[in-house]
Amino acid sequence: PSPLPTLIRKKRDGERLEDAEIRSFVRGVTEGTAQQGQIGAMLMAIRLRGMDAGETLALSRAMAASGRALTWPPAWHGLVVDKHSTGGVGDKVSLALVPALAACGCKVPMISGRGLGHTGGTLDKLEAIPGFRVSLSPQEMCSTLERVGCCIVGQSEELAPADRVLYGLRDVTATVDSVPLITASILSKKAAEQLSALVLDVKFGGAALYRTRDSARELAQSLVEVGTHLGIRTVAVLSRMDQPLGRAVGNSLEVLEALECLDGGGPPDLRQLVTALG
């Protein structure tokens, strides 16, 4: 493959990147041979010039392949599922939905992220619980799923390490809202989980990453198309984010509200969304 500056120039000028070129870029990110300035330049070129469906699929596959794929017992076939939300203020859905799905007999190995932009991420919320550890090895994930049916962990050296690098750099390079980059970030983690099914909660509205229903639908279509090509049964739900979800905002307060929801209480809008996604 061409040197990285050549690939950056190619995408900057609106040309299509070949699968091998995308793999070369992701390998440079993972191995640390790509400089941060080069990675930031490529992210901005992708943000401004876009990627077609084939490029986005290749980027998702390369990022998933940057680490290892999880393996599950044959008895879990068809039971391994997950959810992802594009997030928003007060969105603590995962904290209630994941254990609820486990209680229904599903296995949920959620690889989640930290905050992007102005809101905390699911991992930040969980770390408000004293002593909570979001770094689990694949072996620990499997034993946890065997015992309780679910876990929520972060990207690691073993699981989607390329996404760990790109996720943080997108936040500081104003490239968070790129459809191909969002799609590849989400689905590289989900592909590493070897899922049977995935539900996506794509937000729109004044407090969402995408303000209009049409722009959110564009992201949802990209996610469903690429997810399906990765062999995951994928569906998307469009939900409104014009105001905070639930009543609590802030990491520890949102954990407490999610516990209220699991106990049959909590705000009606939170309960309704958890139920719809479940």
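**The interface between domain 1 and domain 2**

In this predicted model, D177 and R47 are joined by a salt bridge in which the closest N and O atoms lie 2.8 Å apart. Across the interface of domain 1 and domain 2, the rule finds 1 salt bridge, and the count of residue pairs in polar contact between the two domains, with both residues at pLDDT 80 or more, is 2.

On the side of domain 1 that touches domain 2, at least two residues each are supplied by α2 (19-31), α3 (36-49) and α4 (53-64). Of these helices, α4 provides the largest share of that side, with 8 residues. When the residues of domain 1 that touch domain 2 are sorted by class, 13 are nonpolar, 6 are polar and 2 are charged.

The division underlying this description places residues 4-65 in domain 1 and residues 77-277 in domain 2, and the contact between them draws 21 residues from domain 1 and 26 residues from domain 2. The centres of the two domains, taken over C-alpha atoms, are separated by 25 Å.

In terms of area, about 1900 Å² is buried between domain 1 and domain 2, and 79% of this lies on carbon and sulfur atoms. L43, R47 and M63 together account for 33% of the area that domain 1 buries against domain 2, which is more than any other three residues supply. R47 thus appears both among these three residues and in the salt bridge with D177.

Conventions
Residues numbered from 1 in each chain as written. Predicted model: local features only at pLDDT ≥ 70, side-chain atom pairs only at ≥ 80, totals over all residues. Heavy atoms only, no water. Domains from an automatic or database assignment. Contact = heavy atoms within 4.5 Å. Buried area = accessible area lost by both parts, 1.4 Å probe. Salt bridge = Lys/Arg side-chain N within 4 Å of Asp/Glu carboxyl O. Polar contact = N/O pair within 3.5 Å; in protein donor to acceptor, adjacent residues only side chain to side chain. Helix = DSSP H or I, 4+ residues; strand = E, 2+ residues; numbered from the N terminus. Nonpolar A, V, L, I, M, F, W, Y, C, P; charged D, E, K, R; others polar.
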